[in-house]
Amino acid sequence: MISGDTTLGGLLDAHPELIDVLATYHTHFKQLRNRLLRRVMAPRITVAQAARIAGVPAAELLAVIRRTVGDADAGPPEAGEPARALAAAPKPAALAALPVSMQVHVDVRDDIKKGVEPFARIMAAVKSLDAGQALSLRTPFEPVPLYDVLGKRGFAHWTLRRADDDWSVWFYRGEGGTAPEGAATAATAGAGRRSIDVRGLEPPQPMVLVLHELERLGVGERLEVIHDRRPIFLYPLLAERGFAHTTDEPQPGVVRIVIEKRGAA
Amino acid sequence: MSTPRPDPGRAPSATLPLRDLVFAAVTFFLAAAAIPVLAGELAGHYYHPRLVALTHAVTLGWITLTIMGATYQLVPIVLERPIWSERAARWQFLVLAAGVTGTVGHLALGRRAGLLWVAGLVALGVALHLMNVGLSLRGLARWTFTARLLALGLAGLGLTAVFGLVLAADRVWKFLPGAFFPTLHAHFHLALLGWVMPVVLGIAARVYPMFMLAAEPAGWPGRVQLWGLTAGAPLVVSGLLALPGLVPVGALAVGAAACGHAFWVLEIARARRRPALDWGLRLVLWAPGFLLLATALGLTLAFDLAGGPRWALAYAVVSLGGWVSLTIAGMMFKIVPFLVWYRVFAPRAGREPVPTLTELTWPAAEGAAAWLLGGGILALAVAVLRGDATWIRASGGVVTLGALAFLASLARVLQHLAPCAARRRPVGIAAP
């Protein structure tokens with residue numbers, strides 16, 4: 001009998017028409033039509049996780065799947081996990097204390113859009129993390145299956161939904177004191193200053209991230225941007241939006257831009 | 001260590017490079033479409049009025065205009081210097097576009113009388129560009145690999161324009177000493193090795209790592225490129241003009257520079273953190289293959305292992321059509337979407353969801369363009385080497401289809417500008 005723990009892998013092998021059903025809940029399930037993506041990702045996603053990605057109660061999706069495949073033995077819908085609350089949880093202290101220089105950014109939105117399997121790239125990035133480093137992952141949907149996969153490797157996660165098709169998830173070592181000593185110092189020194197590291201991102205992603213962060217900048221706060229070059233195209237947008245900025249190079253090849261609301265002390 | 005420097009305070013206009021790039025892309029399509037029409041001429045000697053016109057359409061209208069347009073975007077990014085005068089750049093585009101159109105037209109029609117005037121317009125456009133970029137580079141803090149090669153390229157461009165003007169004058173007054181064809185070859189190589197190659201190699205070293213998310217290359221291949229071109233281009237040109245013994249030496253130096261570039265591109269591709277390659281990046285990775293092939297053909301000609309118009313035409317097709325054109329097409333697949341995105345969507349970024357660059361593009365058309373151009377140009381090189389008009393016509397047709405797909409994919413990106421133009425003022429001309 002199909003349950004919340006049933007993986008999509010076996011289900012889609014037997015009932016490929018379910019992809020269309022899933023796609024009505026979330027367009028990114030259309031990517032499962034790609035044979036490679038289906039082979040890699042579907043075995044890692046349970047029905048309950050798919051419901052979470054789609055933002056619907058697990059029982060609802062389960063009932064629809066059972067009806068579609070003609071599961072005659074289907075019992076009453078499981079209570080399951082309710083639709084996820086969309087309000088973001090506060091940023092965990094261990095992650096907040098982690099300086100951006102200790103975060104490795106991986107953006108797989110383009111990969112998934114092009115039908116390129118992102119799992120290998122993500123796991124390679126996880127494997128390359130030094131002690132104390134965190135993985136900052138950008139995806140077009142909530143990567144629920146990764147929570148389990150990386151949870152088993154000792155990673156906690158914190159999720160930020162930027163838009164329906166734009167998610168950021170930080171995977172970091174848990175609260176057990178594995179954060180580096182310098183991180184706490186950085187957090188203390190960073191009161192009133194937020195920091196974002198956009199190195200290694202393809203244009204125009206750095207600009208988008210910085211402008212997104214600026215829209216959420218509190219009164220009196222400064223945003224420190226770590227970049228690998230002077231963002232010539234960003235400066236006029238900062239001026240238009242009423243931000244003052246200073247730029248320096250703390251070390252060769254690293255550019256730091258500190259941005260604040262014009263007129264703020 | 002802190003090295004504060006004044007911020008430029010303004011970004012380059014998004015529409016400024018686009019004028020040059022769109023003109024160049026249309027010229028490229030027209031030049032490609034002329035290949036099947038000129039198949040008979042291409043099967044014969046290359047010194048034919050319409051083939052000389054075709055060559056100038058490619059070198060001036062397509063390659064030079066693209067490089068100039070890209071320079072107006074890339075100089076501020078890779079050298080962190082604002083363009084000295086965007087107004088001068090706009091005038092320069094108009095002057096050069098008129099000059100190129102007139103030059104190609106006069107050459108095609110074989111009209112000598114007005115050629116000097118339109119060549120003068122080209123020279124004026126080049127002078128405006130040299131002044132503008134030269135003044136933009138004034139006070140540059142770091143003379144990096146890219147900056148040095150760009151300066152070398154600007155010097156090569158100036159000399160090529162003067163050389164072209166002298167050749168145009170010689171068509172009227174016949175005053176140049178020496179044989180005609182070596183002089184013509186020297187003009188071609190001054191443009192290719194003195195202007196195009198330094199700029200492409202210099203820009204590639206900064207821009208390819210940016211798009212492939214790789215560390216910037218460093219080390220001996222850079223020195224080989226810099227010194228290979230600095231020494232090789234003058235040796236080849238002076239050898240063709242006066243001292244033939246210098247040609248093989250110069251060709252070896254240029255060949256070393258080409259190998260250094262190909263090595264770097266391979267290094268960047270290997271070290272990239274971006275696993276998926278879009279069509280733009282695939283084209284710029286294919287292009288060094290054509291460069292190595294052109295190098296082999298060039299060395300063959302330089303060492304007199306082969307000769308004659310067939311080999312010379314194949315060499316021109318592989319170098320201009322293969323290496324330079326595929327590189328430029330690949331970079332335009334990256335640059336044009338960014339410029340359009342910046343003009344239309346950057347003002348909204350952070351405040352509302354904005355599309356990614358990929359969402360502005362048409363990957364199917366880009367893929368078709370890549371395969372048709374890559375395969376077509378390779379087939380065209382073989383066809384002109386054989387001197388077979390039928391095969392030239394067929395492969396020229398494939399190249400034309402590739403150029404059409406290229407133009408269509410750019411048009412798809414550019415159509416996002418339409419509502420923007422009606423709604424809002426330009427973004428790029430920003431705060432002082």
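**Chain contact and helix packing in a predicted model**

The contact takes 32 residues from chain A and 33 residues from chain B. The model in which these chains appear is predicted. On the side of chain A that touches chain B, α7 (109–113), α11 (205–215), α12 (235–240) and β7 (243–251) of chain A each supply at least two residues. Of these elements, α11(A) gives the most, with six residues. By class, the residues of chain A that touch chain B comprise 15 nonpolar, four polar and 13 charged.

Attention may now turn to chain B and to the packing of its helices. Helix α5 (residues 115–137) of chain B and α6(B) have axes that come within 10 Å and cross at roughly 165°. That angle makes α5(B) roughly antiparallel to α6(B), since angles over 145 degrees are counted in this way. The crossing in which α5(B) passes α6(B) is left-handed. From α5(B), the residues that meet α6(B) include L115(B), L116(B), A119(B), G120(B) and V122(B), and, further along the helix, V133(B), G134(B) and L137(B). Their partners in α6(B) include A147(B), A151(B), L154(B), G158(B), A161(B), G164(B) and V172(B). The contact of α5(B) with α6(B) has 18 nonpolar residues, four polar residues and one charged residue.

Helix α6 (residues 145–173) of chain B also packs against helix α8 (residues 220–241) of chain B, at an angle of about 15° and with the axes 11 Å apart. Because angles under 35 degrees count as roughly parallel, α6(B) and α8(B) are roughly parallel to each other. Here too the crossing is described by its hand: α6(B) passes α8(B) in a left-handed crossing. On the side of α6(B), F145(B), R148(B), L149(B), L152(B) and G156(B) take part, and they meet G222(B), L226(B), L229(B), T230(B) and A233(B) of α8(B). Sorted by class, this contact of α6(B) with α8(B) has six nonpolar residues, three polar residues and one charged residue.

Between α6(B) and α8(B) in the sequence lies helix α7 (residues 180–212) of chain B. With 33 residues at 1.5 Å a residue, α7(B) should span 48 Å, and its end C-alpha atoms are 45 Å apart, which agrees. A kink of about 40° is nevertheless present in α7(B), centred on A204(B). Just after α7(B), L213(B) takes a positive phi of about 55°.

A further pair of helices follows later in chain B. Helix α9 (residues 246–271) of chain B packs with helix α10 (residues 279–302) of chain B at an angle of about 165°, their axes being 10 Å apart. The angle therefore makes α9(B) roughly antiparallel to α10(B). The crossing of α9(B) and α10(B) is left-handed. In α9(B), the contact is made by V247(B), P248(B), A251(B), G255(B), A258(B), H261(B), A262(B), V265(B) and A269(B). In α10(B), L285(B), P288(B), L291(B), L292(B), T295(B), G298(B), L299(B) and A302(B) complete the contact. The residues joining α9(B) and α10(B) divide into 13 nonpolar, four polar and no charged.

Conventions. Residues numbered from 1 in each chain as written. Chains lettered and ligands numbered in written order. Predicted model: local features only at pLDDT ≥ 70, side-chain atom pairs only at ≥ 80, totals over all residues. Axes fitted to C-alpha atoms, helices over the stretch in contact; angles between N-to-C directions. Helix = DSSP H or I, 4+ residues; strand = E, 2+ residues; numbered from the N terminus. Parallel < 35°, antiparallel > 145°, perpendicular 65-115°, else oblique. Left-handed = near helix turned anticlockwise from the far one by under 90°. Contact = placed C-beta atoms within 7 Å. Nonpolar A, V, L, I, M, F, W, Y, C, P; charged D, E, K, R; others polar. Expected span 1.5 Å × (residues − 1). Bend = angle between axes of the 7 residues up to and from the residue.
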